[in-house]
Amino acid sequence: MNQEKVIVIDFGGQYNQLVARRVRECNVYCEIFSYKTDLEQIKAMQPKGIILTGGPNSCYEADSPGCTPELFRLGIPVLGLCYGAQLMMHVLGGKVEKAPVREYGKTQVSFNTESPLFAGVPESAVCWMSHFDYISEMAPGFEAVAHTADCPVAAAQNTADDLYAIQFHPEVLHTQDGTKMLYNFVRGICGCAGTWKMDSFVENSIQELRKKVGNGKVLCALSGGVDSSVAAVMLAKAVGEQLTCVFVDHGLLRKNEGDEVEAVFGPQGPYKLNFIRVNAQERFYGKLAGVEEPERKRKIIGEEFIRVFEEEAKKIGAVDFLVQGTIYPDVVESGLGGESAVIKSHHNVGGLPDCVDFKEIIEPLRNLFKDEVRKAGLELGIPEYLVFRQPFPGPGLGIRIIGEVTAQKVQIVQEADAIYREEIAKAGLDRSIGQYFAALTNMRSVGVMGDERTYDYAVALRAVNTVDFMTAESAEIPFAVLQTVMSRIINEVRGVNRVFYDLTSKPPGTIEFE
Ligand code: XMP
């Protein structure tokens with residue numbers, strides 16, 4: 001993609017992906033690179049701006065991540081954030097020391113609104129601070145353009161050299177007008193025109209895919225999830241029937257999900273592609289019979305999935321390309337992008353490619369964040385219910401049923417979950433809760449329905465809010481909504497006589513219920 005670009009240099013802070021996202025919200029394309037990236041490589045990319053991120057170190061310590069002073073002499077505007085701001089000062093001859101008062105959290109900051117960085121920002125605003133060190137002396141040529149009660153240099157600028165430093169975190173939404181400040185930097189100071197738009201991305205990608213694939217054959221494992229669906233439609237639009245999508249219905253999908261996927265991608269749907277649905281429900285239930293241990297269930301489902309996929313791939317024969325729905329956070333978190341590498345390891349990585357005869361992997365969503373994947377999906381005309389689908393684990397309902405998985409239990413949890421989702425949507429909460437679903441506990445207890453004694457299962461409702469799925473809080477759902485869900489589940493789903501709401505956060509719980 002040949003377009004204006006801002007690069008984010010990663011010093012290991014926790015908000016680094018947010019910086020890139022906010023920049024893209026300003027319609028400027030942006031990528032993250034490690035602080036170890038060679039200066040020549042940076043020059044070759046011809047970025048219109050450079051942003052140095054926060055990080056956990058102290059820049060004056062010997063083995064802290066650093067950068068060469070040359071970075072500030074390229075004639076490219078640089079913005080340092082938190083650690084990046086301190087490093088800029090340190091490298092250019094200023095002084096950074098342990099702060100007498102540590103600032104953490106929402107802090108009132110006063111601005112010089114004549115600075116191009118703070119144009120249109122109020123003279124005083126709440127910003128998100130998180131630092132132990134502070135800039136005690138600015139580097140030559142800099143002037144302070146923001147301060148707090150405890151921090152004399154909350155921001156500094158050297159307009160002659162286009163260098164800017166901000167001690168707080170404009171990328172975090174707690175910072176009032178933070179996006180405006182980043183906008184001022186990338187669109188004002190760097191002069192980016194703001195050409196990064198989803199429609200042009202989609203159109204360019206389709207053309208590039210068409211060129212790359214030529215007459216080749218392409219294979220895609222379709223899960224029905226957002227990422228693989230968007231990737232599949234993009235390829236279908238690019239190469240039509242050269243694409244084969246294999247969709248394995250393992251019998252552990254949500255209610256009607258198999259048919260919904262088929263309605264979109266199958267022969268009755270709007271796209272021209274080869275669609276193979278493998279109805280492997282019985283096969284999976286057979287393998288899972290009598291198995292209670294969650295890890296063992298995951299393993300069986302994963303292995304069986306690969307076996308089924310492999311059998312189908314063999315029928316198709318050799319293909320040139322295999323499609324994967326990798327998205328940008330996966331790329332960054334697997335260590336290709338920067339220092340944030342270490343934070344997270346992935347659930348669904350590996351597996352498939354080994355068993356399929358292909359020459360190359362194509363990852364059409366590799367540069368997109370999740371919300372951008374959704375935008376691309378809408379742009380491609382994929383129905384909203386698919387585009388805004390909840391995250392759903394590969395092993396499906398297999399890990400939302402405690403104990404042995406049986407066809408009957410799958411049906412119970414599918415019905416209960418469908419009711420829960422319907423009521424959450426009716427209450428207008430479906431886009432505001434991070435993830436929510438029903439699970440089936442392995443607990444049976446005595447109840448009474450009509451005049452009869454029952455001895456049935458308990459369903460657990462889960463709903464969490466989360467930023468990164470690494471930690472989560474249970475969501476506050478209005479009691480009346482929970483009551484409606486409870487009474488509908490008990491009345492409409494046979495085999496259930498109790499409904500619980502799971503209040504556990506993560507940690508100590510996990511989001512899934514297995
Ligand atoms: P946990 O349960 O680990 O889940 O707190 C965190 C997030 O990951 C999803 N999850 C999975 N996603 N394959 C996936 O694609 C899996 O095996 C898997 N296990 C958990 C879970 O739904 C939540 O969003």
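In this predicted model, a polar backbone atom of Ile511 sits 2.7 Å from an oxygen atom of the ligand. Two further polar pairs involve Lys506, through a polar side-chain atom, and Gly394, through a polar backbone atom. The table sets out these contacts.

| Residue and atom | Ligand atom | Distance |
|---|---|---|
| Ile511, polar backbone atom | oxygen | 2.7 Å |
| Lys506, polar side-chain atom | oxygen | 2.6 Å |
| Gly394, polar backbone atom | nitrogen | 3.2 Å |

The ligand on its own would expose 490 Å², and the protein buries 85% of that area. There are 12 residues around the ligand, and those that come nearest are Arg298, Gln435, Lys506, Ile511 and Glu512. By character, the shell holds 4 nonpolar, 5 polar and 3 charged residues.

The rest of this report concerns a sheet and two helices that lie across some of its strands. The sheet is open and has 9 strands, in the order S2-S1-S3-S4-S9-S8-S7-S5-S6, with mixed pairing. Strand S2 (29-34) and S6 each have a single partner strand and stand at the edges, so one side of each lacks a neighbour in the sheet. From one strand to the next, the twist averages 20°.

Which strands does S5 join, and by how many bridges? Strand S5 (residues 95-111) runs antiparallel to strand S6 (residues 124-137), and 12 bridges join the two. Within this pairing, Lys95 has Glu137 of S6 as its bridge partner. S5 is also antiparallel to strand S7 (residues 143-147), with 2 bridges between them. Here Ser110 is paired with His147 of S7. As background, strands of a sheet pair through backbone hydrogen bonds, either parallel or antiparallel. In a regular strand, the side chains alternate between the two faces of the sheet.

Helix H1 (residues 16-25) lies across strand S1 (5-10), S2, strand S3 (49-52) and strand S4 (78-81). The direction of H1 is at about 160° to S2, which is one of the edge strands. Helix H4 (residues 178-189) lies across S1, S3, S4, S5 and strand S9 (163-166). H4 runs at about 165° to S4. S1, S3 and S4 are thus among the strands crossed by H1 and also among those crossed by H4.

Note on methods:
Residues numbered from 1 in each chain as written. Predicted model: local features only at pLDDT ≥ 70, side-chain atom pairs only at ≥ 80, totals over all residues. Heavy atoms only, no water. Pairing = 2+ DSSP bridges. Helix = DSSP H or I, 4+ residues; strand = E, 2+ residues; numbered from the N terminus. Axes fitted to C-alpha atoms, helices over the stretch in contact; angles between N-to-C directions. Contact = heavy atoms within 4.5 Å. Near = heavy atom within 4 Å. Polar contact = N/O pair within 3.5 Å; in protein donor to acceptor, adjacent residues only side chain to side chain. Areas by Shrake-Rupley, 256 points an atom, 1.4 Å probe, with all protein chains shown as cover. Nonpolar A, V, L, I, M, F, W, Y, C, P; charged D, E, K, R; others polar.
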